[in-house]
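Q: I am new to this structure and would like a close look at a single part of it. Could you walk me through it step by step?

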Amino acid sequence: MGPATYMDTTGTAILTAQSETSATAQSVVASTVGEHLAVGVPATIGYFLAGALVLVVGFIVLDLITPGKLRDLVFLENRAGAAMIAGSQQIALACIVVSVIRASDDVLMIGLGETLVYGALGIVLQAASLLVLEALIPGRFRDVVMDAKVRPRAALAATTFIVIGVINAVALS
């Protein structure tokens with residue numbers, strides 16, 4: 001049997017071994033995989049929690065600046081307008097979080113800090129855009145949020161919210 005070559009995650013050969021020493025090569029690969037998992041699993045959990053926190057805080061901020069109790073309007077009263085605004089806010093913030101995580105520092109704690117800081121900035125920018133949107137929509141914004149039916153202005157407001165979130169995501173990365 002010929003030599004066996006083992007590569008790390010970047011494709012760089014880390015060990016070439018003849019079949020009689022392949023157990024040693026497998027041991028080296030196993031320790032490398034273990035090291036990657038030891039770093040990758042906590043990072044995944046940390047970024048997940050940071051992203052979830054941004055989404056929860058974003059919902060709370062949106063609830064504070066929209067008429068009525070957003071949680072009740074969506075989940076108890078089944079208001080379609082409120083659900084469209086809340087859903088579009090979550091999509092917009094998720095775009096921001098994904099962009100920030102992808103661009104974050106390789107040092108885990110710095111990357112998590114960046115995710116939280118830029119996530120908070122994204123929440124502020126989204127809230128500001130909602131206030132501007134409210135000023136631009138003819139009629140009362142309360143009517144958009146309180147409406148039980150999906151109306152064109154709710155769909156346009158939600159789409160605009162997502163587009164602004166994507167622009168924020170690109171700007172923050």
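Which residues of α6 are buried?

A: Happy to help, and please keep in mind that this is a predicted model. The buried residues of α6 are Ala154, Ala157, Ala158, Phe161, Gly165, Asn168, Ala169 and Leu172. Around the helix axis they cover an arc of only 115 degrees, which puts them on the same side of α6. The face turned away from that buried side carries exposed residues, namely Pro152, Leu156, Ile167, Val170 and Ala171.

The length of the helix can be checked too. With 21 residues at 1.5 Å a residue, α6 should span 30 Å, and its end C-alpha atoms are indeed 30 Å apart, so the two values agree.

Now let us see where α6 fits in. The largest nonpolar core has 17 residues, and those with the most contacts inside it are Leu62, Leu70, Ala82, Ala86, Ile137 and Phe141. α6 (152-172) is one of the elements that give two or more residues to this core, along with α1 (22-65), α2, α3 (80-103), α4 (108-136) and α5 (141-146). Apart from this core lies another, of eight residues, and Leu172 is among them, as are Ile96, Val100 and Ile123.

To picture the larger core, start from Leu70, which lies in helix α2 (residues 70-75). Leu70 counts as buried because its relative accessibility is 0%. Leaving aside neighbours within four places in sequence, Leu70 is in contact with Phe59, Leu62, Asp63, Ala82 and Ala86. On the same basis, Ala82 is in contact with Leu70, Leu73, Val74, Val144 and Val145.

Notes:
Residues are numbered from 1 along each chain as its sequence is written. This is a predicted model: local features need pLDDT of at least 70, side-chain atom pairs count only at pLDDT 80 or more; totals for chains, interfaces and linings use all residues. Side-chain values use heavy atoms; hydrogens and water are left out. Helices (H or I, at least four residues) and strands (E, at least two) are DSSP runs, numbered from the N terminus. Buried means under 20% relative accessible area, exposed over 50%, partly exposed in between (1.4 Å probe, protein chains only). Contact means heavy atoms within 4.5 Å. A nonpolar core is a set of buried Ala, Val, Leu, Ile, Met, Phe, Trp, Tyr and Cys residues joined through side-chain atoms within 4.5 Å. The expected span of a helix is 1.5 Å times one less than its number of residues. The arc is that of the directions from the helix axis to the C-beta atoms.
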